[in-house]
Amino acid sequence: MAIFLGIDGGGSKTSCLIGDETSILGRGTAPGSNLVRVGEAQAREALASAIRQACAVAHVAPPQIQRVCVGLAGAARPEISDLVHGIVAELIPGEIEVVGDMVIALEAAFGKGPGVIVIAGTGSIGYGRNAIGQTARAGGWGFAISDEGSGHWIGRVAVAAAMRACDAAEGENALGSLMRSWRLETREQLVLAANATPPADFATLFPAVLSLADSGDPIARDVLTQAGAELAKLARTVIRRLFPQSGTVPVAMSGGVFSSS
């Protein structure tokens with residue numbers, strides 16, 4: 001019986017499944033494996049760890065795996081997909097396909113049919129396919145210039161909004177919660193962390209923003225409302241490109257931002 005392996009690699013988590021034609025045999029998880037965000041060394045370790053965990057649970061040796069599909073954030077770029085292919089090939093001799101994470105998310109949501117997927121995790125992207133197989137994307141160009149509505153974007157915008165509020169002698173509650181998430185004690189420490197090179201991980205502030213919003217904090221609620229609007233824009237951009245004459249278009253959501261909020 002053929003053995004297959006699938007990997008979903010994002011900025012904060014890597015998930016791996018091993019299965020045959022009828023069932024899932026094993027699972028493995030590891031930290032993020034987005035090469036653009038975490039670098040080659042961490043991505044290599046995360047991919048290897050997730051694969052080894054899944055193989056151990058499934059009682060399957062890597063050479064027994066015939067086909068592999070890796071859906072990885074950033075892998076739409078050929079230089080990234082080639083590098084990931086080489087990393088996985090060091091462990092598994094079978095057939096390996098590497099695609100962007102939006103490709104596997106679209107497949108999971110709609111199979112071979114038309115639709116639009118919006119992914120919001122550490123980063124964000126909109127991606128779709130119409131009835132004749134044409135595809136289009138919007139966003140997903142990296143946290144410095146894009147990734148609107150993502151966990152990173154939400155954390156960064158929340159810090160900026162809280163700092164502006166403090167300049168107006170407001171927003172102490174929001175700023176205090178964000179500082180505690182980064183285990184900081186003063187506003188000055190927060191400024192240094194946010195402007196460091198590389199900066200602190202803004203995506204780790206997302207749970208604090210959610211908690212603040214649940215408690216009614218106006219800064220957090222406004223940031224999340226902005227995030228929702230930005231993610232809707234991604235969907236609308238893809239819809240306009242692929243479905244200009246359609247009255248109804250199926251849209252799905254994926255990623256930690258959606259599942260957590």
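In this predicted model, the second largest pocket holds about 240 Å³ of space. Its lining comprises 15 residues. Leu5, Gly6, Ile7, Leu17 and Ile18 lie nearest its centre. Two elements, β1 and β2, each give two or more residues to this lining. By type, the lining splits into 9 nonpolar, 4 polar and 2 charged residues.

The largest pocket encloses about 1,200 Å³. It is lined by 48 residues, and those closest to its centre are Gly10, Gly11, Ala73, Thr122 and Gly123. Elements that supply two or more lining residues include the strands β1 (4-9), β2 (13-19) and β7 (124-129). The helices α1 (35-58), α3 (101-110), α4 (151-167) and α9 (256-260) do so as well. Here the lining divides into 19 nonpolar, 21 polar and 8 charged residues. Both β1 and β2 thus appear in the linings of the two pockets.

The largest nonpolar core contains 44 residues. Ile154, Val159, Leu175, Leu178, Trp182 and Leu190 have the most contacts inside it. At least two residues each come from β6 (115-120), β8 (135-138), α4, α5 (172-181), α6 (187-194), α7 (206-214) and α8 (218-242). The greatest share is that of α4, with 10 residues. Beyond four places away in sequence, Trp182 touches Leu190, Ala193, Ala194, Ala200, Asp201, Phe202, Thr204 and Leu205. A second core, separate from this one, has 28 residues. Among them are Ile3, Cys16, Val60 and Val88.

Key
Residues numbered from 1 in each chain as written. Predicted model: local features only at pLDDT ≥ 70, side-chain atom pairs only at ≥ 80, totals over all residues. Heavy atoms only, no water. 1 Å grid on protein atoms, 1.4 Å probe; cavity = no way out; pocket = protein on both sides within 12 Å on 5 of 7 lines; lining within 4 Å. Points joined across faces, edges and corners; volume = space filled by probe spheres on them. Helix = DSSP H or I, 4+ residues; strand = E, 2+ residues; numbered from the N terminus. Nonpolar A, V, L, I, M, F, W, Y, C, P; charged D, E, K, R; others polar. Core = buried A, V, L, I, M, F, W, Y, C linked by side-chain atoms within 4.5 Å. Buried < 20%, exposed > 50% of the residue type's maximum accessible area, 1.4 Å probe, protein only. Contact = heavy atoms within 4.5 Å.
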